[in-house]
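Trainee: I have some questions about the charged pairs and the surface here. Could we go through them together?
Mentor: Gladly, let's look at it side by side.

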Amino acid sequence: MENQNSNEQPLLDMRDVEITFNTANGPVTAVRGANLSVMPGESVAIVGESGSGKSTIALAAMGLLAKNGKVTGGQILFDGKDYAGASDKEFRHIRGNQIGMVPQDPMSNLNPVWKIGFQVKETLKANGLGGGDMNKKVTEALENAGLPDAERRAKQYPHEFSGGMRQRALISIGLSCRPRLLVADEPTSALDVTVQRQILDHLDNMTAELGTAVLFITHDLGLAAERAEKVVVMYKGQVVESGPALELLRNPQHPYTKRLIDSAPSLSSHRMANAEAAQKSASSTDNVLEIKNLTKVFKIREKGLKKSDFTAVDDVSFNVKRGTTTAVVGESGSGKSTVAKMVLNLLEPTSGSIRFDGQDMGRLSEKELFRFRRRVQPIFQDPYGSLDPMYSIFRTIEQPLKIHGIGNAKSRQNRVKELLEHVSMPASTMHRFPNELSGGQRQRIAIARALALEPEVIICDEAVSALDVLVQAQVLELLNKLQSELGLSYLFITHDLAVVRQIADEVVVMKNGQLVESGRTDDIFANPKTQYTADLLDAIPGGQLLV
């Protein structure tokens, strides 16, 4: 990954770049005087909080700004040619085969009515790589991105993939044309740590073999520390610091960079102070959720009309103590999200039982189920898919209050303002729509909506995976504070073990639908009983680099 010649010109060189968006309230300058360069074969990470401009500057380099956005100053040089004022036709000559991209959100960037293989094939054809055995090329592209059973998966649709599998499909599309520069916008945010390592190892191999440069846009400082040669820190549209990755992260100069690093979770983190949760975890026998012998079998259609059984969850049993946090961890496809959906009564178990507050979930009447919905709320993984694009933020958060008949118009408006404040969003956000917000901002809105009804249990399915470290730390502290004040119980589904270390009292480890290990968080981290758990811990990017 070392540069071949220190005197060669940068592949991408952005000089004093200014980017302005025309809005209903007048022009807004999102990026001001930004400078960054990427040498051939070099890996560079842009880090910063949500809304800092890091994705905007990357999109400008590919000519993919929104219609109301424009480069209003500076130069964007790719291979020596200035593309700052280039037409879309000029950008089409370099997009795909010269600059590839892995976008952040898999559901918004995969066509739901096209099979995965067809979408890879279309990318290859669009960039002049058609011909030959196309099915073989598609299979190889999917395999290179770490997708198992690629030949069969190519014939499936996006909705048949887990979140992590969809992200891998996007990665395969971005890499399929072997570009000279790959722009990777949060490329592994939806992936478990072991698959994340596979993907990042593959990117490293491409850099070494093909001289491909990689521009990471990430909030994962561990990834930046381990995988990037150079780090660029952005804050409020400006580059505030840049330099060699480890040197910058171990000896930050700018106050904002120091805050970022201080907020980053690592394996050396400890459970956030919560005396009530610790006491209940250690001694309480009061279980708010009791999951016993839970099994879910899906019918999978194979060739023709033939169907076969796929066991997504296999005889899983564990409890969640009232007022505590239990984390369910495991690789993508391990069954952890399927467990969450069954607890939320969104999927019916094939066998086994789920008891909430002593009541069998399988025997709830329609009226009891409505009350249950108020007491147990979800925060889903995908902030794009879980918010209605036609609803304003105000209507999104107010809706559960209206459905459950809580308050009047004025009190609901005050409650929405209060909830926005809780998740570090200004009150003015209520007048905006989801498409006007970044991924991290959308997830904060989803969290605010889940808190609206003051539930007893919150099912958090990768609830902080889309958030930058500063907001992630704020949200985790908020969840911890609410748990302490209100006695909330959390079932925390995640692949981020560093986050688990901060928030969870108990851990359940799943693999291939089965529970392989469970126990108190400190015990699991200090002395994992299975090799699988040990491998999960070892695979965390930058695990000890930021300690």
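Trainee: Which residues make the nonpolar surface patch of about 290 Å²?
Mentor: Keep in mind that this is a predicted model. A residue needs over 30% relative accessible area to join a patch, and Trp114 has 36%. Trp114 sits in the loop between helix H3 (106-109) and helix H4 (116-126). The patch is made by Trp114 together with two other residues, so the full set is Val113, Trp114 and Phe118.

Trainee: Nice start. How many salt bridges does a search of the whole structure find?
Mentor: To count, a side-chain nitrogen of Lys or Arg has to be within 4 Å of a carboxyl oxygen of Asp or Glu. With that cut-off, the search of the whole structure gives 21.

Trainee: Let's take Arg95, then. Is Arg95 buried or exposed?
Mentor: Arg95 forms a salt bridge with Asp88, with the closest N and O atoms 2.8 Å apart. Its partner Asp88 is partly exposed at 39%. Arg95 has a relative accessibility of 18%, and because the limit for that class is under 20%, Arg95 counts as buried.

Trainee: And Asp286: which side chain does Asp286 meet in a salt bridge?
Mentor: Asp286 lies in the loop between helix H12 (275-283) and strand E11 (287-301), and its partner lies in the loop between strand E12 (307-321) and strand E13 (325-330), 36 residues apart. Asp286 is partly exposed at 35%, and the partner is partly exposed at 24%. The N to O distance is 2.8 Å, and the partner is Arg322.

Trainee: Which residues are linked with Asp286 and Arg322 in a network of salt bridges?
Mentor: We have just met the pair of Asp286 and Arg322, joined by their own salt bridge. Both also belong to a network of salt bridges, where they are linked with Asp357, Arg375 and Glu456.

Trainee: One last pair: in which helix do Arg415 and Glu418 both lie?
Mentor: The side chains of Arg415 and Glu418 meet in a salt bridge, 2.6 Å from N to O. Arg415 is buried at 15%, while Glu418 is partly exposed at 39%. They are three residues apart, about one turn of the helix, and that helix is H16 (residues 409-422).

Key
Residues are numbered from 1 along each chain as its sequence is written. This is a predicted model: local features need pLDDT of at least 70, side-chain atom pairs count only at pLDDT 80 or more; totals for chains, interfaces and linings use all residues. Side-chain values use heavy atoms; hydrogens and water are left out. Patches are made of residues with over 30% relative accessible area and no salt bridge: like charges are joined within 9 Å, nonpolar side chains (Val, Leu, Ile, Met, Phe, Trp, Tyr) within 5 Å. Accessible areas come from the Shrake-Rupley method with a 1.4 Å probe; for residues, only the protein chains shown count as cover. Helices (H or I, at least four residues) and strands (E, at least two) are DSSP runs, numbered from the N terminus. Buried means under 20% relative accessible area, exposed over 50%, partly exposed in between (1.4 Å probe, protein chains only).
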